[in-house]
Amino acid sequence: MTRKPAPIREQTRSVVRSLLAQTAIELFAAKGFGNTTLDEVAAAAGVSRRTLFNYFRNKEDLALSGLDEQGELIAARLAERPADEDAWTALRAAFQVLEEIDITAEGRLEFISLLFGNDSLRAGHAEKQGRWQDLFAPLIEPRLPDSDRRTLQARAIAAAAIVCMQAANEEWVRLGGQVDMFDLYDTAVQAIRRPI
């Protein structure tokens, strides 16, 4: 018996993980997060509960799994931005990768509503965004003037940009997805960058 090379196994694992998460999100949107059991998710996906736990630690991890991938995509896009571009412009351009994720506006609205409508998911979301800050700050730091507080400044900018994106998402949901998300993001950024 020949073994598959590791990259193919990892690709397969990633695809299965994405399909399981997609099935779960559809069920959570239809029935509500609290009203959906892991047994129902496993059955809808055609796998056992044990298989589900091979990919996800718990129901919250299942619902939030895409956020890790999103953070990595944003960080990769940020790393590709021109070195002389200011941090805020580079971050905005990097966040645009979120628009490229293959999901309908209705699906995005359902997911974000689900995310912000449940306390445990909201807490998990905040934890994942803390990890985003760890990914983004080292990529922001070289864009800032040399200073003994440059690391702090980079972390603060990363955190502020993430909070602006979260505020834009929440407002987008409140408005029923009828406005441009990045217009809302720009408004949030302008609010914190405006001189007092």
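**How the two domains meet**

In this predicted model, the C-alpha centres of domain 1 and domain 2 lie 25 Å apart. The contact between them draws on 13 residues from domain 1 and 12 residues from domain 2. For orientation along the chain, the domain assignment places domain 1 at residues 1–55 and domain 2 at residues 60–190.

A good place to begin is the area hidden where the two parts meet. Domain 1 and domain 2 bury about 930 Å² between them, and 70% of this area is on carbon and sulfur atoms. On the side of domain 1, three residues stand out: Arg-17, Ile-25 and Phe-33 lose the most area to domain 2, and together they account for 54% of what that side buries.

Polar pairings can be looked at next. Across the interface of domain 1 and domain 2, zero salt bridges are found. The search for polar contacts across this interface likewise gives zero residue pairs, with both residues required to be at pLDDT 80 or more.

Turning to the elements involved, the side of domain 1 that touches domain 2 receives at least two residues from each of helix 1 (6–31), helix 2 (38–45) and helix 3 (49–55). Helix 1 gives the most to this side, with eight residues. Sorted by class, the side of domain 1 that touches domain 2 has 11 nonpolar residues, together with one polar and one charged residue.

Taken together, the interface is one with 70% of its buried area on carbon and sulfur atoms and with zero salt bridges, and its domain 1 side includes 11 nonpolar residues.

Conventions
Residues numbered from 1 in each chain as written. Predicted model: local features only at pLDDT ≥ 70, side-chain atom pairs only at ≥ 80, totals over all residues. Heavy atoms only, no water. Domains from an automatic or database assignment. Contact = heavy atoms within 4.5 Å. Buried area = accessible area lost by both parts, 1.4 Å probe. Salt bridge = Lys/Arg side-chain N within 4 Å of Asp/Glu carboxyl O. Polar contact = N/O pair within 3.5 Å; in protein donor to acceptor, adjacent residues only side chain to side chain. Helix = DSSP H or I, 4+ residues; strand = E, 2+ residues; numbered from the N terminus. Nonpolar A, V, L, I, M, F, W, Y, C, P; charged D, E, K, R; others polar.
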